[in-house]
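I opened the notebook to record what I looked up, one place at a time. The entries are short and follow the order in which I checked things.

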Amino acid sequence: MSKILVLYYSSYGHLAKMADAVAEGARSTGATVDVRRVAETAPAEVAAAAGFVADESHALLDDVNELANYDGIIVGAPTRFGRMPSQMAAFWDKAGGLWFQGKLTGKVGAAFTSTASQHGGQETTLFSILTNLLHFGMTIVGLDYGYAGQMGVDEVKGGSPYGATTIADGDGSRMPSAVELDGARYQGRRVADLANKLVG
């Protein structure tokens, strides 16, 4: 079976919840799954003024070289003006040695995100993450339409063929819905299914 990493950054807790759901889906395939977060790099006064929620739900991943130990890497980060936030970008910017050595080539990659509004840059943020993963040579898995929960307009919901998403509302009060969490589980399962086949 494969070894999967769910790597995320969360300012208000939405991505931490999504990460747990992604991991649950991946584990359902028999894969070994680790959930880790990247460090907060915003100055303490900025984080406090913005109301960031201190995230200690999962251990930090400080050493980018650990990425090479996994068969699949699923990256979650909120949107910052239509792209991944600096906290996640800074982590990947330290991974040049892995890129140079081709250590992630052929591994399975995926992305998930959160925005304040339905049109707040979900797809561009997913693509900012996926672009990084593609440059590292990874094979990308999205949230395909086998997950029908992302369809329809009966309720506000995240979801995109490019990855699982959630909508937080402008004040961060809306936590991931059951439909959004199920989408995250589905995507985690799809990544692990493919990784299991490639490892096997």
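**Entry on Thr 125.** I started with Thr 125, in a model that is predicted. Its relative accessible area is 0%, so I wrote it down as buried. I then looked up where it sits, and found Thr 125 in helix 5, which covers residues 122-135. Next I listed what Thr 125 touches, leaving out residues up to four places away in sequence: Ala 77, Pro 78, Thr 79, Gly 82, Arg 83, Met 84 and Thr 113. I also noted one polar contact, in which the side chain of Thr 125 reaches the backbone nitrogen of Arg 83 at 3.4 Å.

**Entry on Arg 83.** That contact led me to Arg 83, in the loop between strand 3 (72-78) and helix 3 (86-93). Is Arg 83 buried or exposed? I had to write neither, because its relative accessibility is 42% and partly exposed covers the range between under 20% and over 50%. Apart from neighbours within four places in sequence, Arg 83 is in contact with Pro 78, Thr 125 and Ser 128. I looked up the pair Arg 83 and Ser 128 separately: they are 45 residues apart in sequence, yet their C-alpha atoms are 5.6 Å apart in space.

**Entry on Tyr 12.** I checked the UniProt record next, and its unreviewed entry places the feature "binding site" at Tyr 12. Tyr 12 is in the loop between strand 1 (3-8) and helix 1 (14-27). I recorded a relative accessible area of 36% for Tyr 12, so this residue is partly exposed. With residues up to four places away not counted, Tyr 12 touches Ala 50, Gly 51, Phe 52, Val 53 and Met 175. For Ala 50 I noted a distance as well: its backbone oxygen lies 2.8 Å from a polar atom of the Tyr 12 side chain.

**Entry on the cores.** Which residues touch the most other members of the largest nonpolar core? I found Ile 4, Val 6, Tyr 8, Val 33, Ile 74, Phe 112 and Val 191, in a core of 29 residues. At least two residues of this core come from each of strand 1, helix 1, strand 2 (32-37), strand 4 (108-115) and helix 6 (178-199). Helix 1 gives the most, with 8 residues.

I picked Val 33 from that list and looked up its contacts. Beyond four places in sequence, Val 33 is in contact with Ile 4, Val 6, Ala 23, Ala 26 and Arg 27. Last, I noted a second, separate core of 27 residues, with Leu 5, Leu 7, Val 75 and Ala 77 among them.

Technical notes:
Residues are numbered from 1 along each chain as its sequence is written. This is a predicted model: local features need pLDDT of at least 70, side-chain atom pairs count only at pLDDT 80 or more; totals for chains, interfaces and linings use all residues. Side-chain values use heavy atoms; hydrogens and water are left out. UniProt positions are given in the numbering used here, feature names are shortened, and annotations may be inferred rather than shown by experiment. Helices (H or I, at least four residues) and strands (E, at least two) are DSSP runs, numbered from the N terminus. Buried means under 20% relative accessible area, exposed over 50%, partly exposed in between (1.4 Å probe, protein chains only). Contact means heavy atoms within 4.5 Å. A polar contact is a pair of N or O atoms within 3.5 Å; within protein, one must be able to donate a hydrogen and the other to accept it, and residues adjacent in sequence count only if both atoms are side-chain atoms. A nonpolar core is a set of buried Ala, Val, Leu, Ile, Met, Phe, Trp, Tyr and Cys residues joined through side-chain atoms within 4.5 Å.
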